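Biologist: I am new to this structure. Please take a close look at one part of it, then work outward from there.

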Amino acid sequence: MSRKTKNAIGGTIRVLILIFFFLLVVLPIYWIVVTSFKSSGEILDLNNITYFPKAFTWKNYTDLFEQFNYGVLLKNSLLVSVASALVVTVFSMLGGYSLARYKFKGKQTIILFFLVTQMIPGILVIIPLYIIFSKMGLINTHIGLFIFYVTANLPFCVITMRSFFERIPVTLEEAARVDGCTKMQSLFKIVFPIMFPGIVSVFVFGFIGAWNELIAGSIFISTPEMWTIPVGLKTLIGKYNVEWGLLMAGGVMALLPTAVMFAAMQKFIVEGMTAGAVKE
């Protein structure tokens with residue numbers, strides 16, 4: 001068998017593998033979107049499964065906002081997710097810069113501690129946190145949920161931001177200091193603009209970590225007016241019945257913000273973000 005034939009076969013196999021994984025990701029999303037536009041009768045008719053709505057309807061979406069009060073869930077999720085993502089981003093920038101630029105005793109221990117926290121399942125700390133929050137009066141409050149999301153996402157984001165800072169040559173800051181910039185001016189005028197793709201990445205990670213979280217929201221929040229989207233959608237799954245139409249419509253609405261964020265993130269290429277800068 002010639003090398004050309006081997007390369008052709010290998011290329012075909014790679015394409016088939018990519019197509020398989022593509023379908024594995026896309027088909028469930030397609031089914032959620034299609035189901036959200038079906039009537040209840042068509043969804044529950046298992047003898048005649050349809051892959052496209054026979055009668056296109058917006059009823060699931062209108063019921064989602066009019067009967068299920070989805071607007072309140074959306075407001076709560078946006079409030080907690082955006083606030084926690086902003087705080088995580090700011091503290092990650094500060095912590096990441098410190099770990100990347102300064103040498104101090106215990107630095108490696110701190111990095112190791114942050115890495116170890118990523119190996120601990122989050123469910124293990126829910127009960128201790130519930131006891132602490134209950135004594136502090138933070139149960140059934142967005143503040144308690146906000147604190148949990150910040151502490152849960154911060155270690156990984158700090159380590160991620162540290163790796164971004166380490167890609168930026170120190171000589172850029174030294175050149176700015178020689179030109180008369182203060183430490184803060186060199187950060188805000190030189191480092192942070194170059195770091196913008198990394199900052200956006202950390203913000204998106206912090207946002208999605210809070211936006212999609214279910215377990216803590218179910219445990220720390222008990223009243224419907226305080227629910228986030230995942231907690232509210234979970235209530236559509238009953239013991240004997242599932243509101244599939246509303247559940248799929250809610251899933252589509254919950255997917256849109258993250259999909260938009262990921263689409264916007266495609267233009268930020270972290271590799272080469274210091275291209276053309278001074279090299280070490």
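Modeller: What follows starts with one helix and its partners, then moves to other places in the chain.

This is a predicted model, in which local features need pLDDT of at least 70 and side-chain atom pairs count only at pLDDT 80 or more, while totals for chains, interfaces and linings use all residues. Residues are numbered from 1 along each chain as its sequence is written, and side-chain values use heavy atoms, with hydrogens and water left out.

Begin with helix α7, residues 142-166. Helices here are DSSP runs (H or I, at least four residues), numbered from the N terminus. Helix α5, residues 107-117, packs against α7. Their angle is about 130° and their axes are 8 Å apart. Axes are lines fitted to C-alpha atoms over the stretch in contact, and angles run from 0 to 180 degrees between N-to-C directions. The two helices are therefore oblique to each other. Oblique is what remains once angles under 35 degrees (roughly parallel), over 145 (roughly antiparallel) and 65 to 115 (roughly perpendicular) are set aside. The crossing of α5 and α7 is left-handed; that is, the near helix is turned anticlockwise from the far one by less than a right angle, whereas clockwise would be right-handed.

Now the side of α7 that faces α5. Pro 155, Val 158, Ile 159 and Arg 162 of α7 are in contact (heavy atoms within 4.5 Å) with Ile 111, Phe 114, Leu 115 and Thr 117 of α5.

Helix α7 also takes part in a ring pair. Phe 148 and Phe 220 are edge-to-face, with 5.8 Å between centres and 70° between planes. Rings of Phe, Tyr and Trp (its six-membered ring) pair if their centres lie within 6.5 Å; planes under 30 degrees apart are stacked, over 60 edge-to-face and the rest tilted. Phe 148 belongs to α7 and Phe 220 to helix α11 (residues 215-220), so the pair ties together parts 72 residues apart in sequence. Both rings' residues, Phe 148 and Phe 220, are buried. Buried means under 20% relative accessible area, exposed over 50%, and partly exposed in between (1.4 Å probe, protein chains only).

Rings recur elsewhere. The whole structure holds 20 aromatic pairs. Ring pairs join Tyr 97, Tyr 102, Phe 165, Phe 188 and Phe 192 into a cluster.

Just before α7 comes a loop from α6 (126-136), and Asn 140 lies in it. Asn 140 has a positive phi of about 60°, although it is not a glycine. Most residues other than glycine have a negative phi. Asn 140 counts as partly exposed, at 22% relative accessibility. Asn 69 also has a positive phi, about 60°. Its place is the loop between α3 (59-66) and α4 (70-101). At 44% relative accessibility, Asn 69 is partly exposed.

Helix α4 includes Leu 74. Leu 74 is partly exposed, with a relative accessible area of 24%. Beyond its neighbours within four places in sequence, Leu 74 touches Trp 211 and Ile 229. The C-alpha atoms of Leu 74 and Thr 258 are 13 Å apart, with their positions 184 residues apart along the chain.

One more helix pair remains to visit. Helix α8 (residues 170-178) and helix α9 (residues 183-194) pack at about 140°, axes 9 Å apart. Their crossing is right-handed. Among the residues that meet are Leu 172 and Ala 176 in α8, and Leu 187 and Ile 190 in α9.
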